[in-house]
Amino acid sequence: MATTEDKPATKENTSSWKDSIYNPRTGELLGRTASSWGLILLFYLVFYAFLAGMFALTMWVMLLTLDDYVPKYRDRVPNPGLVIRPNSLDIAFNKSEPQQYSQYVQHLESFLQKYNETEQEKNEECIQGEHFLQDDTEEMTKKACRFKRSFLSLCSGLSDTNFGYSEGKPCVLLKMNRIIGLKPRGKPYISCAIKKDTPVQMHYFPREGLIDQMYFPYYGKKAHESYVQPLVAVKLLLNKEDYNKELTVECKVEGSDLNNNDDRDKFLGRVIFRIKVVE
């Protein structure tokens, strides 16, 4: 039991603890008066306002050095990658079951909408075999050359809305990634090969898998709003011997100075995908 002498000490300790939070005699809160707290808040308000102003000024100066139409640095990816549509590196389906290949057909049809005749009529009929240079024009918005889906013939989805999947002879579309200012030398074309003992016949559209020079250079998303990448369609003429087997297909960009054999990047100028058709 606490003695009479202990009680004043206990009260004094409790009072001292409460006063450390708020002292009614001096009006201090956590050991500081209202004016002291006000000066501290004012200091931090000015300090952080100064930091925000410096950040905004730095961003404004940096934005003044940027061009809305051309990136400041363009040396990270000197060569384009090669990609396929439908957007899958593993294509497998039963040609007798439409629900298994409908996703590929729908993806191709959706992708080719911007290549429709009505869309491409807005673009220019360019001279084949020459780069479509527009560096000397004052117009910031550049013109684009036409690439109609009809150029893809049997793989256009116009005459065969199933793109050959229903007959076990599927089409795949290939395109190079966009790189601003790219002007490949030579006559680039796409060539594909299947890794098996007996070769598989393929049809290329446009003829011989050519990528015409008139689709280069690309001037950027904002300057080249109506630009579409040239495509190469490959129709795999599989037969019964090729069905029920997983076939590995490798496609490369050939005939130009574009790199297609970099071991560090297997998608640089080439792409490898697998396909299996079940009958």
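Two residues are taken to be in contact when heavy atoms of theirs lie within 4.5 Å. On this basis, among contacts in the chain of the predicted model between residues at least 6 apart in sequence, 73% join residues at least 24 apart. The chain has 279 residues, and 35% of them count as buried. Its accessible surface comes to about 17600 Å², and carbon and sulfur atoms account for 54% of that area.

The secondary structure of the chain consists of four helices and 10 strands. Read from the N terminus, the order of these elements is α-β-β-α-β-β-α-α-β-β-β-β-β-β.

Helix α3 was examined in detail. This helix covers residues 98-111, 14 residues in total. From its first C-alpha to its last, α3 reaches 19 Å, which is close to the 20 Å expected at 1.5 Å a residue. Buried positions in α3 are Y101, Y104, V105, L108 and F111. In an α-helix there are 3.6 residues a turn, so residues three or four places apart point the same way. The buried residues of α3 pack against three strands, namely β3 (82-85), β4 (90-94) and β5 (171-176).

The backbone between β7 (202-205) and β8 (232-236) contains several features of note. P206 is placed in the loop between these two strands, and the peptide bond that joins F205 to P206 is cis, with omega near -5°. P217 also lies in the loop between β7 and β8; the bond from F216 to P217 is cis, and its omega is near 0°. E208 is found in this loop as well. Although E208 is not a glycine, its phi is positive, at about 60°.

A positive phi also occurs in the loop between β8 and β9 (246-256), where N244 lies. Phi of N244 is near 65°, although the residue is one other than glycine. The relative accessibility of N244 is 43%, and N244 therefore counts as partly exposed, the limits of that class being 20% and 50%.

Empty space within the model was then considered. Where such space is left is shown by rolling a probe the size of a water molecule over the atoms. The largest pocket holds about 430 Å³ of space. Its lining is made up of 20 residues, of which Q128, L210, I211, D212 and M214 are the closest to the centre of the pocket. By class, 10 of the lining residues are nonpolar, four are polar and six are charged.

Across the whole structure, the search finds two cavities of 30 Å³ or more. The largest cavity has a volume of about 90 Å³. It is lined by M176, N177, R178, I179, L182, I211, F216, Y218, Y227, Q229 and P230. Eight residues of this lining are nonpolar, two are polar and one is charged.

The second largest cavity contains about 50 Å³ of space. F132, Q134, K143, A144, C145, M214, Y215, F216, P217, H224 and Y227 form its lining, which comprises eight nonpolar, two polar and one charged residues. F216 and Y227 are found in the lining of the largest cavity and also in that of the second largest. P217, which follows the cis bond from F216, is among the residues that line the second largest cavity. I211 belongs to the lining of the largest cavity and is one of the residues closest to the centre of the largest pocket.

Note on methods: Residues are numbered from 1 along each chain as its sequence is written. This is a predicted model: local features need pLDDT of at least 70, side-chain atom pairs count only at pLDDT 80 or more; totals for chains, interfaces and linings use all residues. Side-chain values use heavy atoms; hydrogens and water are left out. On a 1 Å grid over the protein atoms alone, a cavity is a set of points where a 1.4 Å probe fits but cannot get out, and a pocket is an open set with protein on both sides within 12 Å along at least five of seven lines; lining residues have an atom within 4 Å of a point. Grid points are joined across faces, edges and corners, and a volume is the space filled by probe spheres set on the points. Ala, Val, Leu, Ile, Met, Phe, Trp, Tyr, Cys and Pro count as nonpolar, Asp, Glu, Lys and Arg as charged, and the others, Gly among them, as polar. The expected span of a helix is 1.5 Å times one less than its number of residues. Buried means under 20% relative accessible area, exposed over 50%, partly exposed in between (1.4 Å probe, protein chains only). Accessible areas come from the Shrake-Rupley method with a 1.4 Å probe; for residues, only the protein chains shown count as cover.
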